[in-house]
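I am opening my notebook on a new structure. I will look up one thing at a time and write down what I find.

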Amino acid sequence: MNLMGNQSHLAFTFGILGNIISFLVYLAPLPTFYRIYKKKCTEGFQSLPYLVALFSSMLWLYYAKLKTDAVLLITINSFGCAIEIIYIIMYIIYAPKDARKLTIKLFVAMNLGSFAMILMVTHFALHGPLRVKVLGWICVSISVSVFAAPLSIVAQVIRTKSVQFMPFNLSFFLTLSAIMWFAYGLLLKDICIALPNVLGFTLGLVQMVLYAIYRNGDVKKQQVVTEVKEPVINIVVVNPLGSCEVFPIPMDANVDDVNKQLQAKKLGAEDQLQQDQKNAECAV
């Protein structure tokens, strides 16, 4: 009994720490939406990451309510649902017409349609422990499926030999979050909570190792050209449980300066050409 009591207290402690860290991670896109609010335009940002984050939070919230002993999952995912809905509403308000229509269609199809289908199937077709188990593995599959976005950033770091698009602080907190939720799931003996965070911890560790290797790396010229053509880089949002992490890709706010430098170089080259022509005429 004493051992079980200690495990319960430890699970609660790790759950509280996971809530605190995940709360901060959920607020990571705030600078993005402050930029959108100031400019009254979504620029090149996409709504899909926020829709996926909301869908994931809805599923984990439903799962936590079915389990009945995962109160701390309910608190963080309730906040997650609320903050993601705010992000999506802001996006719809300031998005261009086509992007707004696409966002609404995706919201209806995924966040309403798909969730309603999962809700009805698990509620009417499944009963007892089987319902919780099936829903848990659905949550795991959704969480694992979004690893493509962070992995693409890892590939970009290796390709460019630069960590410009992988902030260390964010990677550190996401790794810490994965550790907290893994311990929480382990102490509750819930593989569906623990398993995605093993992948989250592994990915976070890889990111920090890459940061140590490439933190002083130079950005390739090809990357600079890409930034000039496309000054706004989309951000990817991940679920704080460690499975769906948040990876905002910093935007180059000084694109105008880059354009000015390129223009100055162009004018300098023209001036040099004119000077060479004058020298040639004088020689003749």
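**Entry 1: a helix pair.** At what angle do helix 8 and helix 9 pack, and how far apart are their axes? I looked up the pair in this predicted model. The angle is about 155°, and the axes lie 8 Å apart. Helix 9 covers residues 191-214. An angle over 145 degrees counts as roughly antiparallel. Helix 8 and helix 9 are therefore roughly antiparallel to each other. I also noted the handedness: helix 8 and helix 9 make a left-handed crossing.

**Entry 2: the whole chain.** Next I stepped back. How many helices and strands does the protein chain have? I found eleven helices and zero strands. Read along the sequence, the pattern is α-α-α-α-α-α-α-α-α-α-α. The protein chain has 284 residues, and 42% of them are buried.

**Entry 3: the loop after helix 8.** I went back to the loop between helix 8 and helix 9. Lys189 sits there, and so does Asp190. Is Lys189 buried or exposed? Lys189 has 72% relative accessibility, so I wrote it down as exposed. Is Asp190 buried or exposed? Asp190 reaches just 5% relative accessibility, so it counts as buried. The cut-off for buried is under 20%, and for exposed it is over 50%.

**Entry 4: salt bridges.** How many salt bridges does the structure hold? I counted two. In one of them, the side chain of Asp69 meets that of Lys67, at 3.7 Å from N to O. Lys67 is buried, because its relative accessibility is 18%. Asp69 is partly exposed, with a relative accessible area of 41%.

The side chain of Lys67 also meets that of Asp190, at 3.0 Å from N to O. Why does this pair tie together separate parts of the sequence? Asp190 lies in the loop between helix 8 and helix 9, while Lys67 lies in helix 3 (residues 48-67), so the pair links parts that are 123 residues apart in sequence. Salt bridges with shared partners put Lys67, Asp69 and Asp190 in one network.

**Entry 5: positive phi.** I then turned to backbone angles. Most residues other than glycine have a negative phi. Which phi does Lys189 have? Its phi is positive, about 60°, although Lys189 is not a glycine. I wrote down Lys40 as well: its phi is positive too, about 55°, and it is not a glycine. Where is Lys40? Lys40 is in the loop between helix 2 (30-39) and helix 3. Lys40 has a relative accessible area of 46%, so I noted it as partly exposed.

**Entry 6: a nonpolar patch.** Last, I looked at the surface. Which residues make the nonpolar surface patch? I listed Phe12, Ile16, Leu17, Ile20, Phe23, Leu24, Phe168, Phe172 and Phe173. The patch area is about 770 Å². Which helices each supply at least two of the patch residues? They are helix 1 (2-26) and helix 8 (168-187). Helix 1 gives the largest share, six residues. I picked one patch member to check. Ile20 lies in helix 1. Ile20 counts as partly exposed, because its relative accessibility is 47%.

**Entry 7: what I keep.** Helix 8 came up twice. It packs with helix 9, and it supplies residues to the nonpolar patch. Lys67 came up twice as well: its side chain meets Asp69 and Asp190.

Note on methods:
Residues numbered from 1 in each chain as written. Predicted model: local features only at pLDDT ≥ 70, side-chain atom pairs only at ≥ 80, totals over all residues. Heavy atoms only, no water. Patch = residues over 30% accessible without salt bridge, like charges linked within 9 Å, V, L, I, M, F, W, Y side chains within 5 Å. Areas by Shrake-Rupley, 256 points an atom, 1.4 Å probe, with all protein chains shown as cover. Salt bridge = Lys/Arg side-chain N within 4 Å of Asp/Glu carboxyl O. Helix = DSSP H or I, 4+ residues; strand = E, 2+ residues; numbered from the N terminus. Buried < 20%, exposed > 50% of the residue type's maximum accessible area, 1.4 Å probe, protein only. Axes fitted to C-alpha atoms, helices over the stretch in contact; angles between N-to-C directions. Parallel < 35°, antiparallel > 145°, perpendicular 65-115°, else oblique. Left-handed = near helix turned anticlockwise from the far one by under 90°.
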